[in-house]
Amino acid sequence: MRIDVLTLFPQAFESPLSCSILKRAQDNGLVEIALTDIRDFAEDNYRKVDDKPYGGGPGMVMMPGPVFDCFEHVQKLSAERGRVLLLTPQGQKFDQARALEFSAEKRLVLIAGKYEGFDERIRTGLGAEQISVGDYVLSGGELAAMVVIDAVVRLLAGALGDESSAKDESFSEGLLEYPHYTRPEIFRGMKVPDILLSGDHAKIAEWRCQQSIKRTKKWRPDLLRDSDTT
Ligand code: ADE
């Protein structure tokens, strides 16, 4: 998979991309992640990429020119057009199902903006899908882009050491995960449930399934309601 990120802050991605699973996935050739600075495509000597909104109002709006020029440059870097995603709080909510869907793409092109918003022609002209990572406003799309990259890349075959772990975890079946325990058997008076020490794998699987349902009902009943309606 190839992921291109168009951003005003490429340096913001350096640290998250250089550790743990994201680093390993790049080192192992599962994903190539390329960062391109939108400001390099500014049309004036001040490297201006935003301007006041027509019609008045507060804040600044990302200008279409630098984003289009940056996009067109990035498009030439790979034959695959890719799925173009615009990170914005107005977008469709990003969730595990969408992460799975994106992980099947050959290429993703993520556009992260700063400032109050994008000129509408960026969305319409580039045919971009709007994606939000949650109902809150971040100061820019960079953190949102990193959330998407992390959730997608860890689903690529071979990204996690243990193939089964991505399938078992929270949300993969629309439920929260069952509780996990490791050594010691008793920690400060708190004991590991006997069933996990029983060696009875069928019983353990059943217990885990019940725990998942119980926890989802208690902590995230909205997930059960959502799955009823689909
Ligand atoms: N940019 C600012 N807030 C955002 C959000 N919640 N999701 C995606 N992009 C954003």
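**View 1. The three-stranded sheet, beginning with the pairing of β3 and β4.** In this predicted model, strand β3 and strand β4, which covers residues 61-62, run antiparallel and are joined by 2 bridges. Within this pairing, Asp50 stands opposite Met62 of β4. The two strands belong to an open sheet of 3 strands, whose order is β3-β4-β7 and whose pairing is mixed. Because β3 (50-51) and β7 each have a single partner strand, they stand at the edges, and one side of each is left without a neighbour in the sheet.

**View 2. The five-stranded sheet and the helix packed on it.** A further open sheet consists of 5 strands in the order β2-β1-β6-β5-β8, and its pairing is parallel. Its edge strands are β2 (32-37) and β8 (129-132), each of which pairs on one side only, and from one strand to the next the twist averages 30°. Strand β5, made up of residues 83-93, runs parallel to β8 and is joined to it by 5 bridges; Leu86 has Gln130 of β8 as its bridge partner. Helix α6, spanning residues 142-153, packs on this sheet and touches β1 (2-7), β2, β5, β6 (107-112) and β8, while the direction of α6 makes about 160° with that of β6.

**View 3. The crossing of helices α4 and α6.** Helix α4 (residues 96-103) and helix α6 have axes that come within 8 Å and cross at roughly 70°. An angle from 65 to 115 degrees counts as roughly perpendicular, and α4 and α6 are therefore roughly perpendicular to each other. On the α4 side the contact is made by Ala99, Phe102 and Ser103, and on the α6 side by Val148, Ala151 and Val152. Sorted by class, this contact of α4 with α6 comprises 5 nonpolar residues and 1 polar residue, with no charged residues.

**View 4. The second largest pocket and its lining.** The second largest pocket holds about 420 Å³ of space. It is lined by 27 residues, of which Leu87, Thr88, Pro89, Gln90 and Phe118 are the closest to its centre. At least two residues of the lining are supplied by each of β5, β7 (117-118), α5 (120-126) and β8, and β5 gives the most, with 5 residues. By class, the lining of this pocket contains 12 nonpolar, 10 polar and 5 charged residues. Two of the contributors, β5 and β8, are the strands joined by 5 bridges in View 2, whereas β7 is an edge strand of the sheet in View 1.

Conventions: Residues are numbered from 1 along each chain as its sequence is written. This is a predicted model: local features need pLDDT of at least 70, side-chain atom pairs count only at pLDDT 80 or more; totals for chains, interfaces and linings use all residues. Side-chain values use heavy atoms; hydrogens and water are left out. Two strands pair if DSSP finds at least two bridges between them. Helices (H or I, at least four residues) and strands (E, at least two) are DSSP runs, numbered from the N terminus. Axes are lines fitted to C-alpha atoms, for helices over the stretch in contact, and angles run from 0 to 180 degrees between N-to-C directions. Contact means heavy atoms within 4.5 Å. On a 1 Å grid over the protein atoms alone, a cavity is a set of points where a 1.4 Å probe fits but cannot get out, and a pocket is an open set with protein on both sides within 12 Å along at least five of seven lines; lining residues have an atom within 4 Å of a point. Grid points are joined across faces, edges and corners, and a volume is the space filled by probe spheres set on the points. Ala, Val, Leu, Ile, Met, Phe, Trp, Tyr, Cys and Pro count as nonpolar, Asp, Glu, Lys and Arg as charged, and the others, Gly among them, as polar. Angles under 35 degrees count as roughly parallel, over 145 as roughly antiparallel, 65 to 115 as roughly perpendicular and the rest as oblique.
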